Amino acid sequence: MNELGKRINKLRIERGMTLVELAGDKMTKGMLSMIENGRANPSMESLKFIARQLGCDPHYLLESHTPDELKYLFSQVEAAFEKNNDKQIINLTQDMFDQQLPTSFESARILEIAGRTVIKTDRKQGERLIERAIAIYEQLSLFSHCVAAKVHIVKKRAKDGNYHDALILLRSVQKEYREKATVIDIAVEVEANYVEVVILFGIGDYKSGRSKLNELIELSRRKGIFYKMDDIFRIAAFQALLRNNENDYAYFIKKSEQFAVFSENDESLAFTLLLQAHYHNQISKDYGQALFYLDEFATLVKGELGSDYYYLEKGKALLGKGQVEEALKEFEQFKMPNTTSYPLELSILYTVDAYRANCLLQLGRVKEALIYAAKAANNIGSLPQTPYQDFIKNTLELVKKKSIAY
């Protein structure tokens, strides 16, 4: 018995109808029996007749999942999403990609989660799934869910380097729902504005980015919402650091730390510790204090150090203390993250080869130093102007001069 036959049979029995009663004067009992047992498929005209007899929508009969099945699948997919289990999400949803689904919140949410997962490896397919989810949310007037889903597409495009395209899409989404005069959930509104801040900094529009950041902080304060406040204050601290505004930096980094502790978010607190190590390496030049925060980070993450920022900052601190060979060992453990990053993150990460070149230069390995300095300059060339870009360019010039002397 196939799914269509099972559904007809189940509804017929629930309604207390015999095969003869369901068949009426339009079908034979034998044909209806064959349909229920999966040995024949009804024409569209017959399907509509059966649906009328059963008092249901023809689309319901064609659906591959009953409401109960869909709710069970929904709970499984949500649980896998909470655990970041991409493999399980794909296994649970891949058979649904080409199916017609009912207009329900469960259908939309399953499609959205599947899209968020697939988009990591296949942007077009992932966006298609998310757009299907949005179409259902629209029909259900769940506009906050529409915006949240569209913002996820924006974030992916930005992380893929399509910053201007992402910004245009984000602003069109914001305009579309303002014109609809819809009330958007405040957490979704904060997320959209936060993404806009990150993109503005990503394209080097620091003035607009700071203005939007101040608006976002004021919005969160006015509405009394704590969502993403640790992230918001951390990016505010980083911007203060770029401007050498130590008072603002101290204020915002303290706020970020407080919110991370308040929300018991160890991941966010770990990022705050790395940023404080970064501050002491870049600004205060207190390399002992940088190492202190790195030790705090290592303790918090229980030795799960990752392969990027920790080794970069530890190498910088050791180099600052004159421990060149030890610093080089830390830089050699560094690996660029597999996930795509925003421009400011990339600008910081690309400095690793310039610091590596600096170590090699001090060890008299000038040819190797030139290779790494040139690599860093090539990587950062197209990114917005930052102190990190200046550092890389200055390192390349220094190595070039040394290589000529040799």
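# Exercises on a predicted model

Tyr227 sits in the loop between α13 and α14 (229–242). The model you are working with is predicted, so let us treat each exercise as a reading of that model.

## Exercise 1: Tyr227 and its partner

Find which side chain makes a polar contact with the side chain of Tyr227, and describe the surroundings of both residues.

*Solution.* Start with how open Tyr227 is: its relative accessible area is 36%, which falls between the 20% and 50% cut-offs, so Tyr227 is partly exposed. Next, look for N or O atoms within 3.5 Å. The side chain of Glu191 meets that of Tyr227 in a polar contact of 2.8 Å.

Now move to the partner. Glu191 belongs to helix α12. With a relative accessibility of 12%, Glu191 is under the 20% cut-off and therefore buried. Along the chain, Tyr227 and Glu191 are 36 residues apart, while their C-alpha atoms are 8.4 Å apart in space.

Finish with the contacts, setting aside neighbours within four places in sequence. Tyr227 touches Ala187, Val190, Glu191 and Ile232. Glu191, for its part, is in contact with Val151, Lys155, Tyr227 and Lys228.

## Exercise 2: The second largest pocket

Work out which elements give two or more residues to the lining of the second largest pocket, and what kinds of residue line it.

*Solution.* Begin with the volume, which is about 300 Å³ for the second largest pocket. Its lining has 16 residues, and the closest to the centre are Gln174, Arg178, Ile184, Glu189 and Asn193. The elements that supply two or more lining residues are α11 (163–179), α12 (186–202) and α13 (206–223). Last, sort the lining by type: nine residues are nonpolar, three are polar and four are charged.

## Exercise 3: Positive phi

For Asn84, Glu264 and Gly55, state the phi value and the place in the chain.

*Solution.* Take Asn84 to begin with. Though not a glycine, Asn84 has a positive phi of about 55°. Its place is the loop between α6 (67–82) and α7 (86–93). A relative accessible area of 64% is over 50%, so Asn84 is exposed.

Glu264 comes next. Its phi is near 55°, again a positive value in a residue other than glycine. Glu264 is in the loop between α15 and α16 (266–284). At 71% relative accessible area, Glu264 counts as exposed.

Gly55 completes the set: it comes just after α4 and has a positive phi of about 75°. While you are there, pick out the buried residues of helix α4 (residues 44–54), which are Leu47, Phe49, Ile50, Ala51 and Leu54.

## Exercise 4: Cysteines and disulfides

Count the disulfides, then decide whether Cys146 and Cys359 are buried or exposed.

*Solution.* Remember that a disulfide is a covalent bond between the sulfur atoms of two cysteines. The test is a pair of cysteine sulfur atoms within 2.5 Å, and the count comes to zero. For the second part, Cys146 has 0% relative accessibility and so is buried. Cys359 also has a relative accessible area of 0%, and is buried.

## Exercise 5: Asn247

Place Asn247 in its element, classify its exposure, and give its C-alpha separation from Ala237.

*Solution.* Asn247 is part of helix α15 (residues 246–262). Its relative accessibility is 67%, so Asn247 counts as exposed. Asn247 and Ala237 are ten residues apart along the chain, and their C-alpha atoms are separated by 9.7 Å.

Notes: Residues numbered from 1 in each chain as written. Predicted model: local features only at pLDDT ≥ 70, side-chain atom pairs only at ≥ 80, totals over all residues. Heavy atoms only, no water. 1 Å grid on protein atoms, 1.4 Å probe; cavity = no way out; pocket = protein on both sides within 12 Å on 5 of 7 lines; lining within 4 Å. Points joined across faces, edges and corners; volume = space filled by probe spheres on them. Helix = DSSP H or I, 4+ residues; strand = E, 2+ residues; numbered from the N terminus. Nonpolar A, V, L, I, M, F, W, Y, C, P; charged D, E, K, R; others polar. Buried < 20%, exposed > 50% of the residue type's maximum accessible area, 1.4 Å probe, protein only. Contact = heavy atoms within 4.5 Å. Polar contact = N/O pair within 3.5 Å; in protein donor to acceptor, adjacent residues only side chain to side chain.
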